[in-house]
Amino acid sequence: MNPDDKPPLPGDPPSGQGEERSRPGVFLGTLRGIRFYLDYSWFFIAALVIYSLATYFFPHELPGRDAAVYIAMGTVATLLFFLSILLHEMGHSVVSQRNGIPVPSITLLFIGGIAEISREPDDPRTELKIAVAGPLVSIFLSALYALIAWGCSLASFPEGGLVFQWLASVNLFLVIFNAIPGYPLDGGRILRALLWMRSGGFRQATFITSRIGVFFSWALIALGIFAIMGGEWGQGLVFLVIGVFLKSAAESGYTQALSKEILDGVRACDLMTQPAICIPADLPLNLAVDDYFLTNHHVAYPVVSDEGHFRGLLRLEHLKSVPREKWPYTTAGAVAEAQDSRLVIPATSSAENALRILLVAGQGRLGVVDEAGQLVGILTRHDLLHYLQIHTELET
Ligand SMILES: [Zn+2]
């Protein structure tokens with residue numbers, strides 16, 4: 001399904017970015033440098049699918065077998081379907097990597113995956129190539145499974161034939177489902193690339209395709225509700241889960257495209273503020289509390305050495321990690337340095353990158369430094385979001 005649509009995660013920040021993940025999931029392993037996770041919802045949907053295959057579809061198509069045979073067939077079919085999804089996502093990712101866009105991780109859902117991409121493609125052609133690669137893999141797999149099903153029937157192995165016939169048709173269904181031109185489905189990404197190519201407007205192309213995506217999600221949700229009311233609760237739940245997921249992905253896709261465009265060409269130093277108050281690195285914590293935290297209103301202060309080198313941010317919550325009796329013997333610099341070093345960026349770094357780091361780290365502010373490591377400013381999440389908000393309102 002949707003290859004590269006999800007969260008605005010780290011672009012070209014210092015290595016180690018992107019370790020934080022908001023989506024829950026089981027870590028499966030690393031392939032071609034991509035960390036694979038399995039979303040928890042997978043287990044729920046997989047169980048539903050195995051259940052409906054083993055109790056309804058297979059007994060209906062091939063009567064007279066033991067329940068254990070149907071369960072085995074359902075399990076094999078579901079696991080091979082999982083493999084098909086994995087290969088579909090690998091199709092997108094390999095093309096993405098070949099075009100210089102790294103894919104740090106992929107979270108697999110039942111009918112697709114969410115790739116954490118480092119950035120959006122720079123041009124529509126790259127987007128088109130990445131979007132087409134997944135469905136091509138699925139078409140190939142569908143043909144391959146059909147061939148195996150045919151082989152099974154020649155070898156008088158109807159159980160295998162039925163499993164592969166099912167796999168061939170669900171992979172084909174996946175291609176058709178993905179052809180719907182709503183972002184973030186593959187069809188939506190293909191349409192976005194084509195619109196983008198024609199008009200040159202990335203944001204407008206994303207806006208149109210994400211609207212189609214939202215509309216389609218509502219249709220799926222409605223279908224799910226109707227199915228549940230009609231007693232088809234298994235199928236209905238699957239539609240509901242997919243619809244809700246697609247809707248949020250389609251909506252966040254547009255927000256991302258908007259902020260990408262607004263922040264295009266804006267650097268960290270353009271939006272930062274001069275640090276009014278800095279704490280000297282060799283100041284003991286008890287004095288830092290008295291002279292800074294209790295006298296001013298801020299919850300965090302940049303800590304700088306005598307030479308003006310940025311040593312990190314000292315936050316209110318850091319103080320709690322040091323026992324009170326040790327405050328006179330602990331310097332502000334020592335505490336600040338022990339904290340997350342990623343909360344600092346070069347002044348020339350893009351504002352988009354700064355926003356990603358802040359969102360991923362769940363922090364409110366970043367230290368901005370020049371090439372020599374001197375603190376030149378502080379960039380807060382509030383400043384960035386305020387800038388985005390003003391520009392969004394001016395442009396719409
Ligand atoms: Zn796809």
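## Overall architecture

Two residues are in contact when their C-beta atoms, placed from the backbone, lie within 7 Å. On that basis, among contacts in the protein between residues at least 6 apart in sequence, 65% join residues at least 24 apart. The model considered here is predicted.

The protein has 396 residues, of which 42% count as buried. Its secondary structure amounts to 13 helices and 10 strands. The C-alpha trace spans about 85 × 55 × 40 Å along the principal axes.

## Domain division

The chain is divided into domain 1, covering 26-262, and domain 2, covering 268-395. The centres of domain 1 and domain 2, taken over C-alpha atoms, are separated by 42 Å.

Contact between the domains involves four residues of domain 1 and five residues of domain 2. On the side of domain 1 that touches domain 2, the residues by class are two nonpolar, one polar and one charged.

## Nonpolar cores

The largest nonpolar core comprises 63 residues. Those with the most contacts inside this core are Leu-53, Met-73, Ala-77, Leu-108, Val-163, Leu-167 and Ile-242. Helix H4, which runs over residues 158-178, gives the most to the core, contributing 10 residues.

Leu-53 illustrates the contacts made by one of these residues. With its neighbours within four places in sequence set aside, Leu-53 is in contact with Phe-58, Met-73, Gly-74 and Ala-77. Apart from the largest core lies another core, of 32 residues, including Ile-279, Ala-281, Tyr-301 and Ile-345.

## Sheet S5-S6-S7

Three strands form an open sheet with the order S5-S6-S7 and mixed pairing. Strand S5 (279-280) and strand S7 (310-315) each have a single partner strand and stand at the edges, so one side of each is left without a neighbour in the sheet.

Strand S5 pairs in the parallel sense with strand S6 (residues 300-304) over two bridges. In this sheet, Ile-279 stands opposite Val-303 in S6. Ile-279 is also among the residues of the 32-residue core.

## Sheet S8-S9-S10

A further open sheet of three strands follows the order S8-S9-S10, again with mixed pairing. Strand S8 (344-346) and strand S10 (375-380) lie at its edges; each has a single partner strand, so one side of each is left without a neighbour in the sheet. Neighbouring strands of this sheet are turned by 30 degrees against each other on average, direction ignored.

S8 and S9 pair in the parallel sense over three bridges. Ile-345 stands opposite Val-368 in S9, and Ile-345 is likewise among the residues of the 32-residue core.

## Environment of Leu-366

Leu-366 is found in strand S9, which covers residues 365-369. The residue has 26 C-beta neighbours inside 10 Å and therefore counts as buried, the criterion being 20 or more.

With its neighbours within four places in sequence set aside, Leu-366 is in contact with Leu-343, Val-344, Ile-345, Ala-354, Ile-357, Leu-358 and Leu-379. The contact with Ile-345 joins residues that are 21 apart along the chain, and their C-alpha atoms are separated by 7.1 Å.

Terms used
Residues are numbered from 1 along each chain as its sequence is written. This is a predicted model: local features need pLDDT of at least 70, side-chain atom pairs count only at pLDDT 80 or more; totals for chains, interfaces and linings use all residues. A nonpolar core is a set of buried Ala, Val, Leu, Ile, Met, Phe, Trp, Tyr and Cys residues joined through C-beta atoms within 7 Å. A residue is buried if 20 or more other C-beta atoms lie within 10 Å of its own, exposed if 12 or fewer, and partly exposed in between; C-beta atoms are placed from the backbone. Helices (H or I, at least four residues) and strands (E, at least two) are DSSP runs, numbered from the N terminus. Two strands pair if DSSP finds at least two bridges between them. Axes are lines fitted to C-alpha atoms, for helices over the stretch in contact, and angles run from 0 to 180 degrees between N-to-C directions. Domain bounds come from an automatic or database domain assignment. Ala, Val, Leu, Ile, Met, Phe, Trp, Tyr, Cys and Pro count as nonpolar, Asp, Glu, Lys and Arg as charged, and the others, Gly among them, as polar.
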